[in-house]
Amino acid sequence: MRRKKDVTLRDIADELQLTVHTVSKALRGLPGMSEATRKAVFMTAARLGYRTKERELSLGYEKIPLLTTNRRRFTIVLLQDTPFYRTQLQGVQERLHELGHTLTAHVLPEFTDGPKQLERWLEQAELTYSDGLFVPPAMPEPMESVLLRLPMPKVLISYPPPAAPVDSVIWDVETAIHQSVDHLVAKGHRRLLYIGDIRSRRGFRLRWSAFQAALRRHGIEAADEPMTELPTTPEQWRKELEERLRSGGYTAILHATGNTLNTLLFVLQSLGLSVPNDISLVSMPDLEDPRFPQLSRPSLLIRETGRRAAERLLWRIANPAEPYEHTRLAGTFIAGETVADLTR
């Protein structure tokens, strides 16, 4: 079997049928290729075990054990078995496997009495005997607090609560919101309707704050009240959307969580509105949806965040006395074809 240190740029290029020059540019972050090609290069390099000299130095500096003789056993607790959580899980598993460790995933059962039942379940599942814990996003805050109190190294894959004694890694939704507003404003849009939950999670509240900040940065008046993404009934939500679009003079929608994209498009169609001819749209689905390949959207680095979380937990074990660190991974904006250019 080929040793990792023997993997070359030629090996990666041959597998992807690219030139060595293209592979080298991709790994160095240089322009001149599509994001799909760049992502394929990084994924292939990681799978084959290729590391640049800079990467070796970085891993050494952060004291991440590359060839440890102590196999560590980690745990991740998931709320549900969904594509969103499986994508995070894949990133964590890939990185730990590359570094010689194992990961066990536990999907939480439904609890009727919340935190107390969670504490009993943790004891029964013997999760406290693992070497470290990954806490995913969207965890109800009372249950998250229970997990963060466990006496083991942890990484929170979410925005951290105030003063929480834990490292965190998360995809940067604030940057994603600013990228979205920048794109819409550059295309001549200044009346933007924000659709999304702004209360139930820390990340959702940060998105709304970032939207308001982005408008101020462009000299646009404070944002109107957002439309909730959780309607009482679909018909009521349809009527509210119709009224908002009719009376507000909006030219574009920023769909800030993307979970109900299909419903939104259906409602717009029922109102006789086409995207982008009648209304422009930027949405933020957690994962790329093959049904909407031309969607204008910021890329949210879900899988990459899982990989970085794995590195952060190993770093924490190697550096237990270091200050806690909070990492945000910012992706790029994908222009797509759902935003009309009003500047022409």
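Is Tyr85 buried or exposed? Select this residue to begin the tour of the model, which is predicted. At 4% relative accessibility, Tyr85 counts as buried because the cut-off for that class is under 20%.

**Stop 1: the aromatic rings**

Keep Tyr85 displayed and add Phe84, its partner in an aromatic pair. The ring centres lie 5.0 Å apart and the planes meet at 65 degrees, an edge-to-face arrangement. Phe84 is likewise in the buried class, its relative accessible area being 16%. Now add Trp171 to the selection: Phe84, Tyr85 and Trp171 make up one aromatic cluster. Over the whole structure, the search returns 6 aromatic pairs.

For another ring, move to Trp315 and show Arg312 with it. Arg312 is placed over the face of Trp315, 4.2 Å from the ring centre.

**Stop 2: the parallel sheet**

Next, select strands β6, β7 and β8 in cartoon representation. These 3 strands form an open sheet, arranged in the order β6-β7-β8 with parallel pairing. The edges are taken by β6 (192-195) and β8 (280-283); each has a single partner strand, so one side of each lacks a neighbour in the sheet. From one strand to the next, the twist averages 20 degrees.

Zoom in on β7, residues 252-255, which pairs with β8 in the parallel sense over 4 bridges. Within this pairing, display Ile253 and Leu281: Ile253 of the one strand stands opposite Leu281 in β8.

**Stop 3: the helices on the sheet**

With the sheet still in view, add helix α8, residues 173-186. This helix packs on the sheet and touches β6, β7 and β8, while its direction makes about 170 degrees with that of β7. Then add helix α10, residues 234-248, which also packs on the sheet. Helix α10 touches β6 and β7, and its direction makes about 160 degrees with that of β6.

**Stop 4: salt bridges within helix α10**

Remain on α10 and show the side chains of Arg238 and Glu242, which meet in a salt bridge at 3.9 Å, N to O. Both residues lie in this helix, 4 residues apart, or about one turn. Arg238 is partly exposed at 22% relative accessibility, and Glu242 is partly exposed at 37%.

Select Glu243 and Arg246 next. Their side chains form a salt bridge of 2.4 Å, N to O, and they too lie in helix α10, 3 residues apart, about one turn of the helix. Glu243 is partly exposed, with a relative accessible area of 36%, whereas Arg246 counts as exposed at 62%.

**Stop 5: a link between distant segments**

Which distant parts of the chain does the pair of Lys187 and Asp341 link? Select both residues; their side chains meet in a salt bridge at 4.0 Å, N to O. Lys187 belongs to the loop between α8 and β6, and Asp341 to the segment after β11 (333-334), 154 residues apart. Lys187 is partly exposed, with a relative accessible area of 25%. Asp341 is also assigned to the partly exposed class, at 23%.

**Stop 6: a charged network**

Finally, select Glu94, Arg95, Glu98, Arg303, Arg307, Arg308 and Glu311, which are linked in a network of salt bridges. Side chains of opposite charge can pair when their charged atoms come close. The count for the model comes to 25 salt bridges.

Technical notes
Residues numbered from 1 in each chain as written. Predicted model: local features only at pLDDT ≥ 70, side-chain atom pairs only at ≥ 80, totals over all residues. Heavy atoms only, no water. Phe/Tyr/Trp six-rings, centres within 6.5 Å; stacked < 30°, edge-to-face > 60°. Buried < 20%, exposed > 50% of the residue type's maximum accessible area, 1.4 Å probe, protein only. Lys NZ or Arg CZ within 6 Å of the ring centre and 35° of its normal. Pairing = 2+ DSSP bridges. Helix = DSSP H or I, 4+ residues; strand = E, 2+ residues; numbered from the N terminus. Axes fitted to C-alpha atoms, helices over the stretch in contact; angles between N-to-C directions. Contact = heavy atoms within 4.5 Å.
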